Structures are given as structure tokens and as C-alpha cells.
Amino acid sequence: MKSTLDFIKMKKTGEKIVMMTAYDYPSAKISEEAGIEIILVGDSLGMVVLGYDSTVAVTTDDMIHHGKATRRGAKDTFLVVDMPFGTYHGSGDRTLVEAVRIFQETGANALKLEGAGKVIETTRLLTGTGIPIVAHLGLLPQSVAVVGGYKVQGKTAEAAQQLIDDAIACQEAGAFMIVLECIPYQLAEKVSAAVGVPVIGIGAGAGTDGQVLVYHDTVKYGSHHIPKFVEAFADSGTVIRDGLKKYVKSVKDGSFPAEHHRFTMKEEELTALYG
Ligand code: KIV
Ligand code: NA
């Protein structure tokens, strides 16, 4: 398994870092087999797996439940788990209880927090406790109700400067990695150059130190909207639907189960049963 230091080294040598979300045993297992270097149990869980229309409904118990399953599927991959909505903005004591629970119970290697501002101090608190922290800047899905929608961030000079300052502050507070979501590629390049820690982009162009995508978008599994910045590298939804249609048809027409699927009772046992 790679370490936080390996990822910093990869930034230095220019080797791209590949992160993928996963939420359960099979998605984690398949991701690990494919050579994914970091698995993120994102709170996008709420949308792509649990069917909510935002990440706001996701709880600490949800993250732990899915984090544990993900860890069982990918024992040898660096695992990051999102802290969910509203669990790290109150007192330091409350944040610590939530973070320690998620970190210990899932066996994660790091936790991810959205935003800067007050979250900078939280990053300091958690890294000081021994929990590696990934920062998340740009579009913050947990704050979408305040921002007013899923929109590209950092488009003005002022907003861009703020984001660069925030990234530097996250690094200074101890974050070992920064995720940038949905910002102009020019700004993502600037941020990546401004910090020594690896920057992982989603909807942030090719100039970051690595990329992250949501599993269900990447392999087209599920029927939700796929954003502009995603490439669907496979169409597993169609493969699965076609398989299930064949199953329905085969049961209806009697071709399944076939003789090779069935179990047989010995002739003498049948005689003993029926005489
Ligand atoms: O929850 C998630 O999937 C994320 C990624 C979009 C970075 O936070
Ligand atoms: Na997230």
C-alpha cells in the first residue's frame, strides 16, 4: 500500500495519482484489481448508492457502514473516507468523537473535509491527533444549498485568489493532499503549483497531480445524470440490464434452470421415499 509520503513523491516526479470512489465490497475489490491507488469512500454515496438527491442526508453511521465494507474489499489500497455533512463544524470535542469513530471503525488511512475557513482549524486539530487529512476545495457539495447549486467555482480573479490562499492554508494546517472540484483548469494549475502536497482534480482539467472520479459515473452504473467533466469508461449498466433481461426471458421460457444447474437424488432414496 502506498503512503502519504509516496503520494508527495509522485507529485515531485510527475507521476499522476489515480483515485476512485467506492462504497462497498465489490466496487472496492474491482477498483483495487484495476490498479486504483487511492479509494475514496465519498459521501457521494448518498446520491449514487442510496438514492438521495444530495450528500446532506448522509450520516456518520452510513460512512462507517460503507467504509468498513469498502475496506474489506480493498485491504491493500490507501483508503480515504469523507466526514459527512454537519459532523465537523461544531465543537472540537464533537468533531474529534466523530472523526475518531470513522477513522478507527473503518480502518481508513485518512479522512476528507470540505472547505477552508473554520475547517482549517479542524484540519490542524485532526492531523494533530494523528489522523491524516485530505482537504476538498472548489465546489463543495455539502454547501450546495448555500451556494445555490452545483456550479463551477473560482471563476473570478477574487474567488481564484481566495481558493489559492485556502489551499496554502490547508497545507499549512497539515493536510497532505487537496481535492479540487469543478474549477477552471487554469486555476487548478495555479493551485497545484502553489502547494507542495498533491492536488487531485475532478472537473479541474489535466494540470493537477492526479484525478478522482465517482465509480458509478466512470462505469455508468445507475441511471443518474452524468456531469460534463466525466468520461464514462465503461457501460456496465447496459451490460447488467441486458443480463437481467436474459434472466427474465430464460425463466419465462423455461430454458433456465437447465439440467446442469440442478441437483439429483439417488434412485434408491427416491424408492425409499415413494415405495
Ligand atoms: O464524495 C465524493 O465522491 C467526493 C469526490 C467528488 C471528490 O468527494
Ligand atoms: Na464528498
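**Close-up views of a predicted model**

**View 1. Strands β4 and β5 run parallel and are joined by 4 bridges.** In this predicted model, the chain passes from β4 through helix α6 (residues 118-129) before it enters β5, and this β-α-β crossover is right-handed. Among the paired positions, Glu 114 of β4 has His 136 as its bridge partner in β5.

**View 2. Strand β5 (residues 133-138) is largely enclosed by the rest of the structure, because 6 of its 6 residues are buried.** In a regular strand, side chains alternate between the two faces of the sheet. Here Ile 133, Ala 135 and Leu 137 point one way from β5, whereas Val 134, His 136 and Gly 138 point the other way, and all of these residues are buried. Strand β5 also pairs in the parallel sense with strand β6 (residues 177-181), over 5 bridges, and within this pairing the bridge partner of Ala 135 is Ile 178 in β6.

**View 3. Asp 43, Asp 82 and Glu 114 are listed by UniProt, in an unreviewed entry, under "binding site".** These residues are spread over 72 residues of sequence and yet cluster in space, the largest C-alpha distance being 10.8 Å. Asp 43 is located in the loop between β2 (38-41) and α3 (45-48), while Glu 114 belongs to strand β4 (residues 110-114).

**View 4. Asp 43 is buried, with 29 other C-beta atoms within 10 Å.** When neighbours within four places in sequence are left aside, the contacts of Asp 43 are Thr 55, Val 58, Met 63, Asp 82 and Pro 84. One of these contacts, Asp 82, is itself listed in the UniProt record for "binding site".

**View 5. Glu 114 is buried as well, since 23 other C-beta atoms lie within 10 Å of its own.** If residues up to four places away in sequence are not counted, Glu 114 touches His 136, Leu 140, Gln 142 and Ser 143; of these, His 136 is also the bridge partner of Glu 114 in β5.

**View 6. Gly 92 is found in helix α5, which covers residues 92-106.** This glycine counts as partly exposed because it has 14 C-beta neighbours inside 10 Å, whereas a residue needs 20 or more to be called buried. The C-alpha atoms of Gly 92 and Thr 122 are separated by 7.2 Å, although the two residues are 30 residues apart along the chain.

**View 7. The protein chain is divided into domain 1 (4-234) and domain 2 (240-274).** The C-alpha centres of these two domains lie 46 Å apart in the model.

Technical notes. Residues numbered from 1 in each chain as written. Chains lettered and ligands numbered in written order. Predicted model: local features only at pLDDT ≥ 70, side-chain atom pairs only at ≥ 80, totals over all residues. Helix = DSSP H or I, 4+ residues; strand = E, 2+ residues; numbered from the N terminus. Buried ≥ 20, exposed ≤ 12 C-beta atoms within 10 Å, placed from the backbone. Domains from an automatic or database assignment. UniProt positions renumbered as here; feature names shortened; annotations may be inferred. Contact = placed C-beta atoms within 7 Å. Pairing = 2+ DSSP bridges. Right-handed = clockwise from strand over helix to strand, strands pointing away.
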